[in-house]
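Here are my notes on the model you sent over. I've kept them as numbered points so you can follow along with the viewer open.

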Amino acid sequence: MTNHMPLAALRAELDSIDDAILVLVDRRLAAASAIARAKAGEGGQRLALRPRRQAEIVGRLQGQAAHASSEAVADIWRELMAHSLQAQRRTEIVLAPGVDAEALEGPLRRRYGSAMPVSKAATLAEALAAARTGDAIAILPAPLEDDALTLFDRIEDGNGTPLAWCAGRVAAEDWLQPPTLAPACGPASWRRLKAAQMPAWPDAAVLARVEDTLAGAEPVVTLPSILALKSALADVAEGRSVLLHGGDCAESFAEFGAEKVGETHRLLLDMAGTIGPASGKDVVRLARIAGQFAKPRSELMETRDGVTLPAYRGDAVNGADFTHAARTPDPERLLRAHRQSRATSHLLGGLDAVAGAGRTWTSHEALLLNNEQALTRFDLAGGRWWGGSGHLLWIGDRTRQLDGAHVDYAAGIANPIGLKCGTTMGADELRLLCDRLDPENEAGRLVLIGRFGAGAIGRHLPRLMRATKGRNVVWAIDPMHGNGRVSGGIKTRCLEDILAETRAFLDIAASERVHAGGIHLELTGGDVAECIGGGVKEADLALRYRSLCDPRLNRSQALELAGEVAARLAGRALAA
Ligand code: PEP
Ligand code: CO
């Protein structure tokens, strides 16, 4: 009917509708002020945000509208509600340092309307303090926890990448069903995923207490040193340096001391002294140390003389002795591993200072995610999480599932990440893992560590190297873990196999035109007999086998391997 009214009459109708709306808007704002006064009368109670109630109101109205689109209802009520809130109490948006104010301007307006003043806090503490008064919504660069505040919203860019988190004083009725924040962020997000190889900690309360203690403890490494290793590894990715990565299969509480750390340090230094000058490249020394206390196991249980107990999983989890008490996982061990890691890291720093040959970096397998999460810290300036337990953290061949917890944790931190690649790794799988772990294709971020076995490397490394063409990764070889043998019931490896896989790696890298980035070894500076060859015979294993896990190269075997690598790289340097 209105369609047939003359234009002047239509305009007059609009004017009268506006008058009617104004009456209602006036009433709404007056009611809001009345609510504020009523609350003040109830004892000056602070106003709290009602994000859930607001969303419910808009949803209900969208369902009732006949002509207005959902967007129109959302836009109009967003502004109305923002003004209502201002009528109750002046509320502002406070940006914490570290958020991108420019990128957030549009999204914040679309979320909260244009009535809220926006200001910048000088410090994070200031932003949080403003939100705690109830007078502000704090816009944070990361999902920080704060007892008085609720993280009730997350702002994303057009691609779904989080730009900021919104914290405020939220009414108790609204926390009962907190709006779900997509958890794909922060160091705890692994907890919703399947985590392979995690010990069955018997007492969740003890574990939680240990996690709290670690969360408040000094990390083992600092962010600047992590970034310095990343930049050293970028040189490896670009072929200017080589990586020498090595140390015990697992550190132990019993074998700890200045002498032990000194032996490992000296051996890496001596190997680097062989490889560096021959190759004409700097050597990046990365130790498996100061955190390498946990092991993945193929067999979860071990049986001896008819008795079955949980397998030994490294000193951070349980004891190697074959008793029920020793083999029961004990979270308190994480605290001891942390203390020893800090002490080891200090010892290494002292040894490096004396040697004057640059830094020895630390690394371990990021296996125990409760421990890793507890030692993860946030860098406000850079807006990123970083793992404080070691410079480089690697993902083992048994825990590298694309949809698993370990990959999720590693994807969320800024450290250089190692990824073990065994024979079951698919080319597509590797491409997807690279996308997930290194979306920026950043040189120095990702170290791929092949471990196939001397007989299998030729079938697998070429296809995997081809899969990573165009990616700025480091390719390294672990010639230990694919070459296990059992001799007289003892786990061993033959130096010949280790040399053969290393040579094959260098040859394949050359023919695939990929930089041979480095080697990853299990070794010790001590005079052990755990691997056969280079002077160690099968019979010696029974006498000088000291590893609680995998067999390591001893000093002279490791130096022999370094000599071989040096000679080959020298040949390449000459040919180039
Ligand atoms: C290791 O490096 O000690 C290890 C267990 O390796 P992988 O995950 O390659 O088997
Ligand atoms: Co090992």
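1. Let me start with a detail: with which side chain does the side chain of Ser389 make a polar contact at 3.3 Å? The partner is the side chain of His364. Please keep in mind that this is a predicted model, so every distance in this note is computed from predicted coordinates.

2. While you're at that spot, have a look at the rest of what surrounds Ser389. The residue sits in the loop between β12 (384–387) and β13 (392–395). A loop residue, then, but is Ser389 buried or exposed? Ser389 counts as buried because its relative accessible area is 3%, and the cut-off for buried is under 20%. Its side chain also has a polar contact of 2.5 Å with the side chain of Glu372. Leaving aside residues up to four places away in sequence, Ser389 touches Val220, Val221, Ala290, His364, Glu372 and Leu375. So both polar partners, His364 and Glu372, turn up in that contact list too.

3. Now zoom out to the whole chain. It has 576 residues, and 50% of them are buried. You'll count 17 helices and 19 strands. The C-alpha trace spans about 105 × 55 × 50 Å along its principal axes. Of the contacts between residues at least 6 apart in sequence, 74% join residues at least 24 apart. The accessible surface comes to about 25900 Å², with 53% of that belonging to carbon and sulfur atoms.

4. Next, the barrel. Eight strands close up in the order β6-β7-β10-β13-β14-β15-β16-β19, and the pairing is parallel. On average, neighbouring strands are turned by 25 degrees against each other, direction ignored. For a pair to look at in detail, take β14 (residues 417–421) and β15 (residues 446–450), which are joined in parallel by 5 bridges. Within that pair, Lys420 has Ile449 of β15 as its bridge partner. On the helix side, α9 (residues 258–279) lies across β6 (241–247), β7 (282–288), β10 (360–365) and β19 (518–522). Its direction makes about 155 degrees with that of β7.

5. Then there is ligand 1. Which residues surround ligand 1? They are Arg288, Lys295, Pro296, Trp394, Gly396, Asp397, Arg398, Lys420, Arg451, His481 and Glu522. Lys420 will be familiar from the β14 and β15 pairing. Three polar distances are worth clicking on, each to an oxygen atom of the ligand. A backbone N or O atom of Asp397 is 2.8 Å away from one. For the side chain of His481, an N or O atom lies at 3.1 Å, and for Glu522 a polar side-chain atom lies at 3.0 Å. Taken on its own, ligand 1 has 290 Å² of accessible area, and the protein covers 98% of it.

6. There's also an open sheet to look at. Its 5 strands come in the order β2-β1-β3-β5-β4, with mixed pairing. At the edges are β2 (118–120) and β4, each pairing on one side only. The twist from one strand to the next averages 30 degrees. The parallel part includes β1 (residues 92–95) and β3, joined by 4 bridges, where Ile93 stands opposite Ile137. Helix α5 (residues 124–132) packs on this sheet and touches β1, β2, β3 and β5, at about 145 degrees to the direction of β3.

7. Within that sheet, β5 (residues 162–168) deserves its own point. How many of its 7 residues are buried? The count is 5, so the strand is mostly covered. On one partner strand, β3 (residues 136–140), 3 antiparallel bridges lead to β5, and Leu140 has Trp165 as its bridge partner. With β4 (residues 150–156), β5 makes 6 bridges, again antiparallel, and here Ile155 stands opposite Ala164.

8. Last, two backbone oddities to check by eye. Asp305, in the loop between β8 (301–304) and β9 (307–310), has a phi near 45 degrees, a positive value in a non-glycine residue. Asp305 is exposed, at 82% relative accessible area. Asn441 lies in the loop between α14 (427–437) and β15, and its phi is near 50 degrees, likewise positive without being glycine. Asn441 counts as partly exposed because its relative accessibility is 22%.

How values were computed
Residues are numbered from 1 along each chain as its sequence is written. Chains are lettered from A and ligands numbered from 1 in the order in which they are written. This is a predicted model: local features need pLDDT of at least 70, side-chain atom pairs count only at pLDDT 80 or more; totals for chains, interfaces and linings use all residues. Side-chain values use heavy atoms; hydrogens and water are left out. Two strands pair if DSSP finds at least two bridges between them. Axes are lines fitted to C-alpha atoms, for helices over the stretch in contact, and angles run from 0 to 180 degrees between N-to-C directions. Contact means heavy atoms within 4.5 Å. A residue is near a molecule or strand if one of its heavy atoms lies within 4 Å of it. A polar contact is a pair of N or O atoms within 3.5 Å; within protein, one must be able to donate a hydrogen and the other to accept it, and residues adjacent in sequence count only if both atoms are side-chain atoms. Accessible areas come from the Shrake-Rupley method with a 1.4 Å probe; for residues, only the protein chains shown count as cover. Buried means under 20% relative accessible area, exposed over 50%, partly exposed in between (1.4 Å probe, protein chains only).
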